[in-house]
Amino acid sequence: MGLSHRLAGAALALMAGTTATAATAAAQDSADLIIRGGPIYTADDAQPQAEALAVRDGVLVHVGPAAGLAALTGPDTRVIDLDGAAAYPGFVDGHAHLLGIGQREMTLNLDDAGSLAAMVDKVAEAVAAAEPGAVVYGRGWIETHWPEDRFPTAADLDPIAPDNPVYLVRADGHAAVVNSAALAAVGIDARTEAPEGGEILRDPAGRPTGMLIDTAMGLAGELAPAMTGPDTEPGLVKAGEVYTARGWTGIHNMSVAYDRVARLERLSDAGRLRLRVYNSVDKQDADQLFDSGPRRSANGLVETRAVKLYADGALGSRGARLLAPYSDRPDTRGLFLDRRDDVIDLFTRGLRAGIQMNTHAIGDAANRAVLDWYAEAFKAVPPEARAVAVPRWRIEHAQIVDPADIPRFAALGVIPAMQPSHAIGDLHFAADRLGLDRLAGAYAWARFVETGAPVVGGSDAPVEAGEPMVEFYAAVARRDLSGFQGEGWHPELAVSRDVALKMFTLWPALGAFQEQRLGSLSVGKRADITVFDADIMTVAEDRLPHVEAVMTIVDGQVVWRRQP
């Protein structure tokens, strides 16, 4: 695609700064850790591959040939032979929800429910095991591939749960289905009005069906597990364990309650959370972050300097805000969750305080609106009046963008943070929602990169599985896991493996102001390293989703290693 020249363009250079290019550093003392014996990819254009790595005090002191390692090897040096495995800069999930990942592991997980009937069966088992009257909570269902081809309703759940309230969140987190016991418990009936930015689906007689869209979910929010306080610690620790075992060294943690930030810092400093975490706090907690300013845990692994906002909903539940009506439901264009007057003051304050803004936008109307709002704030607060001259604000998801708006990202210095696996699931229904014409700006990773905007890659787990190799595969193959690629799915919007590697290493570091110390295997940077059991830069494309992590290293410490 000739991307290497474009990636050196002005927009990327402005945000990326200068990467360390030296291959070796003079060593007076021996290294703590040496890695050799397999392919090593650096994500550093000055030296894309190396034969060996050496680490001292958590910092890379040698990236280059194996010759000369004897001078760095002492009696206490740990030497790891890759033995055919391959090493990369630490893979970072650039958009996910840490507590949700842990809760998915500890509550009713509906990810694998392949039909409405299968979901009902799983819920029935959970109800049978629950105490009488206790809430049954689950997450992960998605109807777009079900043979029933419809949303679930309270009527589906009532026969198996007449007395226990049931609250089941759709995989995207933008819709939920509840049963009649839950509707009664929270007082939702035919007279209940949906809040702005939400919808209560109703039957022909006006009665709630049990489906709650976007902000309407909050009407039953008291039924969800507690999201604050000490009760969240097991979920956070579990999520860290799951993610390091998958090869992730870091996560950009979205929609974080501010009172959870200190808890994350304590867990990390105590060694109970060994994953690097970059937090974006909830919009309603922005004032607390403005007061504290950017903050970091004592060990440097947990950083907080961003606010997460929501411009619209999700495509699958028709909550994403579109410029034109949905092709399969012409009576709606989706929902705006925030509007200009809700955010513009926050944005200008953020520029003066040095706080990053990361705004969820999925539909083309929402993406255009957020670009407009950002542009207005940038004009109101010129670089000399900002705490950070180039603020690196992000649009999270950027799934459906009018092609005319794609160049605006690089022009404004706005970073698209995108999740390739969304295209795996959405390709089965996006054409129905949008029609073929609008797919030209859908999941357009390559187009963003070509215009000079680095793409921060992520998974949006627990919306998606949170598997690094599924994300990498989706970015380079632009197919679902069976190899299917639908009509009008624009194969030219896939990216090369070199670009995909940066999407999950260097560019998440860039999107978190960390590229001077993370994101590539370069001398002087912190030693965050992911080791996979195959060379993902050369292995057959259809094997990529099956590649697994062998070892995860954070700050020079092996935090997870696969047992024989």
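Is Phe448 buried or exposed? In this predicted model, Phe448 is buried, with a relative accessible area of 0%. Its aromatic partner is Phe409, and the two rings meet edge-to-face, 4.7 Å from centre to centre and with 80° between their planes. Phe409 also counts as buried, at 0% relative accessibility. The pair ties together distant parts of the chain, since Phe409 belongs to helix 12 (residues 406–412) and Phe448 to helix 15, with 39 residues separating them in sequence.

Aromatic contacts recur elsewhere in the model. A search of the whole structure returns 18 aromatic pairs. In one of them, the ring centres of Tyr374 and Trp393 are 5.1 Å apart and the planes stand at 70°, so this pair is edge-to-face. Here too, distant parts of the chain are linked: Tyr374 sits in helix 11 (residues 364–380), Trp393 in the loop between helix 11 and strand 18 (394–397), and their positions lie 19 residues apart in the numbering. Tyr374 is buried at a relative accessible area of 0%, and Trp393 is buried at 1%. A single aromatic cluster brings together Tyr41, Tyr88, Phe91, Tyr243, Trp248, Phe472, Phe504 and Phe532.

One member of that cluster, Phe472, is among the buried residues of helix 16. This helix spans residues 468–477, and 10 of its 10 residues are buried, so helix 16 is largely enclosed by the rest of the structure. Its buried residues pack against several elements: strand 6 (91–96), strand 13 (248–256), helix 13 (421–426), helix 15 (445–450), helix 17 (497–503) and strand 21 (529–532). Following the helix comes Arg478, which has a positive phi, near 55°. Arg478 also lies over the face of Trp445, 4.8 Å from the ring centre. Another arginine placed over a ring is Arg305, whose charged end sits 3.8 Å from the centre of the Phe513 ring.

Arg433 offers a view of a buried polar side chain. This residue is located in helix 14 (residues 430–434) and is buried, with a relative accessible area of 6%. The side chain of Arg433 makes a polar contact of 2.7 Å with the side chain of Asp328, and reaches the backbone oxygen of Leu315 at 3.4 Å. Beyond neighbours within four places in sequence, the contacts of Arg433 include Glu143, Thr144, Tyr326 and Arg438.

Turning to the strands, an open sheet of 6 strands follows the order 7-8-9-10-12-11, with mixed pairing. Its edges are strand 7 (108–109) and strand 11 (198–202), each of which pairs on one side only. Within the sheet, strand 9 (residues 166–170) and strand 10 (residues 175–178) run antiparallel and are joined by 3 bridges. Leu168 has Val177 of strand 10 as its bridge partner.

A further strand residue is Ile553, found in strand 22 (residues 549–554). Ile553 counts as buried, at 0% relative accessibility. Although Asp528 is 25 residues away in sequence, the C-alpha atoms of Ile553 and Asp528 are 5.4 Å apart. Setting aside residues up to four places away, Ile553 touches Leu33, Ile35, Thr249, Ala527, Asp528, Ile529 and Val558.

Conventions. Residues are numbered from 1 along each chain as its sequence is written. Side-chain values use heavy atoms; hydrogens and water are left out. Helices (H or I, at least four residues) and strands (E, at least two) are DSSP runs, numbered from the N terminus. Buried means under 20% relative accessible area, exposed over 50%, partly exposed in between (1.4 Å probe, protein chains only). A polar contact is a pair of N or O atoms within 3.5 Å; within protein, one must be able to donate a hydrogen and the other to accept it, and residues adjacent in sequence count only if both atoms are side-chain atoms. Contact means heavy atoms within 4.5 Å. Two strands pair if DSSP finds at least two bridges between them. Rings of Phe, Tyr and Trp (its six-membered ring) pair if their centres lie within 6.5 Å; planes under 30 degrees apart count as stacked, over 60 as edge-to-face and the rest as tilted. A charge sits over a ring if NZ of Lys or CZ of Arg is within 6 Å of the ring centre and within 35 degrees of the ring normal.
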